[in-house]
Amino acid sequence: MENFQKALDEGWIRPYFQLESRSLTGRICGAEALARWVDPKYGVLGPGFFIEVLEEAHLVHKLDLAIIRQVCAMLARRREEQQPLVPISVNLSRVDFQVCNIYAEIEKIRRYFNLPASLLKIEILESTVTSKPQELRQAIANFHASGYEVWMDDFGSGYSNFNNLDEYDFDLLKIDMVFLRDFGSRSKAKTLISIVVDMAKKLGLHTLCEGVETQEQADFLREIGCERQQGYLFSKPISEEEFLVKLAAGKLEDPASNSYYDKVSQVNVLFDPMIDRGSQQTVGIKLPICILEKGEDAFVRFSFMNESYRQTLRDVGYKVDGWEAEANQEYPFKQVILELMGESRQKPGPVSRIYDFRGKQYLLEVRYLAHDQKSQRDAFVYTFEGLAK
């Protein structure tokens, strides 16, 4: 521990910075400050050499605060010189919440350097929530009240508890690099990442994926709407000197535009974008959706209708409870549906037809789902939407 104190006194504990890129624009929108021990004898030591030991000795808060102090000093100096800035995220250990009022300590540093809280993002490991839950909730509330964002770090790295996303008021979900491991060979990797991004957006959480190393990964994350990316594709953790050179040469997102791009990037491209996030949690997708079943006879059963479909029936004057019987009596409609069912059995994707109803045109789409050998029935998913004339 004497060596650690000497490292603090001599300035051997330093922040290294890893860039974050905005998927939508490709611009640098932030960076993460990572602790490094730059030893004159052994060179640059990563956190694996000292973090666990400092946590066990209940000294890691000194390291975290030293990093935050240096980050704030750098930001204040850049601001005074009117040089380009990007927000910096800083990491807190679970032990920080046990040994001190970490919120008050960070506030003291920020106020000393007269920085807006928006320039500091607070990262908390998911494992932290199990150690001091009450203290953590209060700390997050305090951070929010002072204008900080609080991010959940390394989501998915261990035994992730999805209840944590509901019980703690995080602003952003950092998706652990484990999801991108063997990206090209794991057939389900893309599905898993898409599910996490979709879930996060429905909960109102912003998203950042760590460990991005290839353009293929970056393009995929952009396609599914993951808002930010971090990894070796953009930069390794680099010294402050190298970081400032990259800031001078790179395409930076103006910090004043962070909020704008956060709102734009929050659109869930994996969902119906016409529905706001609040509605997504309870109502579901706006597009009318049905699950249809048909046995050996010609009777079409409506096994599932979402709320959008039921509301559409009400709007045109049908009773939801009586719709199945009505639909099987509506000759032109039923004929089209049966034809689409037959066609979809022969094709891997959806089949469609334009259908005229009460003077308005609708695009009907049907996709074959499955066949039940025992009951000899088939299942299909069916949607429709009105066409503007």
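User: How many helices and strands does the secondary structure of the protein come to?

Analyst: This is a predicted model. The protein has 15 helices and 14 strands. The radius of gyration is 27 Å, while the globule rule gives 21 Å for 389 residues, so the protein is more spread out than a compact globule.

User: What does the C-alpha trace span along its principal axes?

Analyst: The spans are about 85 × 45 × 40 Å.

User: What share of the residues counts as buried?

Analyst: Start with the cut-off: buried means under 20% relative accessible area. Here 47% of the 389 residues pass as buried. The accessible surface comes to about 20,100 Å². Carbon and sulfur atoms hold 49% of that surface.

User: How do I read contacts by separation along the chain?

Analyst: Take the contacts with a separation of 6 or more. In this protein, residues 24 or more positions apart account for 60% of them.

User: How far apart are the mean positions of the positive and negative charges?

Analyst: Count the charges, then compare their mean positions. The protein has 48 positive and 58 negative charges, and their mean positions are 3 Å apart.

User: Now the backbone. What sign of phi should I expect?

Analyst: Most residues other than glycine have a negative phi. H58 is not a glycine, yet its phi is positive, about 55°. D154 is also not a glycine, and its phi is positive at about 60°.

User: Where are H58 and D154 found?

Analyst: H58 sits in the loop between α2 (51-56) and α3 (60-80). D154 lies in strand β6, residues 149-155.

User: Why does H58 count as partly exposed?

Analyst: Partly exposed runs between the 20% and 50% cut-offs. H58 has 38% relative accessibility, so it counts as partly exposed.

Note on methods: Residues are numbered from 1 along each chain as its sequence is written. This is a predicted model: local features need pLDDT of at least 70, side-chain atom pairs count only at pLDDT 80 or more; totals for chains, interfaces and linings use all residues. Side-chain values use heavy atoms; hydrogens and water are left out. Helices (H or I, at least four residues) and strands (E, at least two) are DSSP runs, numbered from the N terminus. Buried means under 20% relative accessible area, exposed over 50%, partly exposed in between (1.4 Å probe, protein chains only). The radius of gyration is taken over C-alpha atoms; the globule rule is 2.2 Å times the number of residues to the power 0.38. Contact means heavy atoms within 4.5 Å. Accessible areas come from the Shrake-Rupley method with a 1.4 Å probe; for residues, only the protein chains shown count as cover. Lys and Arg count as positive and Asp and Glu as negative; His and the chain ends are not counted. The place of a charge is taken as NZ of Lys, CZ of Arg, CG of Asp or CD of Glu.
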